[in-house]
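Reader: I would like to go through this structure step by step. Where should we begin?

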Amino acid sequence: MTTAPDSVNTIPRERLPDLLRDMPKAELHIHIEGSLEPELIFALAQRNGVSIPYASVEALRAAYAFTDLQSFLDIYYAGASVLLKEEDFFDMAMAYFRRAAADHVVHAELFFDPQTHTDRGVSFETVIKGLTRASETAQRELGVSSLLIMCFLRHLSEEAAFATLEESLPWRHLFVGVGLDSGERGNPPDKFERVFERCRALGLHVVAHAGEEGPPDYIWDAIELLKVERIDHGVRCLEDPRLVLRLAAARMPLTVCPLSNVKLCVFKTLAEHNLATLMEAGLCVTINSDDPAYFGGYMNQNFVETFEALPQLSARHAYQLALNSFDASFASADDKHRWSKQLDAVFAAG
Ligand code: HPA
Ligand code: ZN
């Protein structure tokens, strides 16, 4: 694709926060259930007559002090329990799309967790229809393009994943791929080898969370057994130099989520985050928000705070991250080309 315009090299660091905010970008790692803000959780709980074990929005927000992935997932699944009707899924996704548009996100690929809802008696149809209507509305009213990726919960069985895939087939035309999320430790990729093979045969794109909390071996297995096209997180790859070479040679995108990694104690501080090192190693890195309502920020917050914390990052890195996000997306070649031209225009203006 395009290379950075020469002007990128002369842009001073003081210009970075504005450029980071203004540049067009794609978000490739957002769990839509993780965009539920406490205010909306309370509003939907009231609308649906669902009780939640928190007295107020403030009390709920105060519970967002996580020690690891599982401590977050416990609260995240409790938050999702207020989602019952198609309208709830629509409202949740529209709230996200409005935040995304404000951050100059031109394209978003949304993860959704059907099992979190079908296991509570909410139908797959309710979930996918609400999200699809939001996606169409966002394109029409906000100019934000989007695609849906269905995730299997890895703490559940492969049999349950197969049942979910079966249930999804009448709606196959409404999502473009499958992913693998939830608790990583003790739930390696090989548990889902057969269901991913079936998904690939159906022509679905395949991605998986790997190397967030889990070891580099899980990244190897996601590549070799699940044959994924992107690794979600992947930050632990640096522990295995041979893996880094493999990821670089394959230009395997990593959807990195800096604020998430700090909130879930993968890194103690943003200053200790390895994002700049991953880029220096030649990897196709992107920046994403993961679960923005829970982790302290949407896309621009992730970009601005990460660049503030890592002084080695320059305008050239900003340009590369945005370009990588288009390149690594499942959007059409025409769309990718159009967005990269918009990116060039923002950087050419300095
Ligand atoms: N990791 C794994 N599973 C998830 C996450 C995450 O950050 N967010 C929602 N489900
Ligand atoms: Zn995630």
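Author: What follows is a short set of questions and answers on a predicted model, covering one helix pair and some cysteines.

Reader: At what angle do helix 8 and helix 9 pack, and which word describes that arrangement?

Author: Helix 8 spans residues 158-168 and helix 9 spans residues 193-201. Their axes lie 9 Å apart and make an angle of about 20°. Angles under 35 degrees count as roughly parallel, so helix 8 is to helix 9 roughly parallel.

Reader: Is the crossing of helix 8 and helix 9 left-handed or right-handed?

Author: The handedness is a separate item from the angle. Where helix 8 passes helix 9, the crossing is left-handed.

Reader: Which residues of helix 9 meet helix 8, and how many residues of the contact are charged?

Author: Helix 8 contributes E158, A161, F162 and L165. On the side of helix 9, they meet E193, R194, V195, R198 and C199. Sorted by class, the contact has 5 nonpolar residues and no polar ones, and the number of charged residues is 4.

Reader: How many disulfides does the count come to?

Author: A disulfide needs two cysteine sulfur atoms within 2.5 Å. For C257, the closest cysteine sulfur is in C151, 12 Å away, so the gap is too far for a bond. C284 is in no disulfide either, with the sulfur of C237 as its nearest at 12 Å. The count of disulfides comes to 0.

Reader: Are C257 and C284 buried or exposed?

Author: Buried means under 20% relative accessible area. C257 has 0% relative accessibility, and C284 has a relative accessible area of 2%. Therefore C257 counts as buried, and C284 too is buried.

Notes. Residues numbered from 1 in each chain as written. Chains lettered and ligands numbered in written order. Predicted model: local features only at pLDDT ≥ 70, side-chain atom pairs only at ≥ 80, totals over all residues. Heavy atoms only, no water. Axes fitted to C-alpha atoms, helices over the stretch in contact; angles between N-to-C directions. Helix = DSSP H or I, 4+ residues; strand = E, 2+ residues; numbered from the N terminus. Parallel < 35°, antiparallel > 145°, perpendicular 65-115°, else oblique. Left-handed = near helix turned anticlockwise from the far one by under 90°. Contact = heavy atoms within 4.5 Å. Nonpolar A, V, L, I, M, F, W, Y, C, P; charged D, E, K, R; others polar. Buried < 20%, exposed > 50% of the residue type's maximum accessible area, 1.4 Å probe, protein only.
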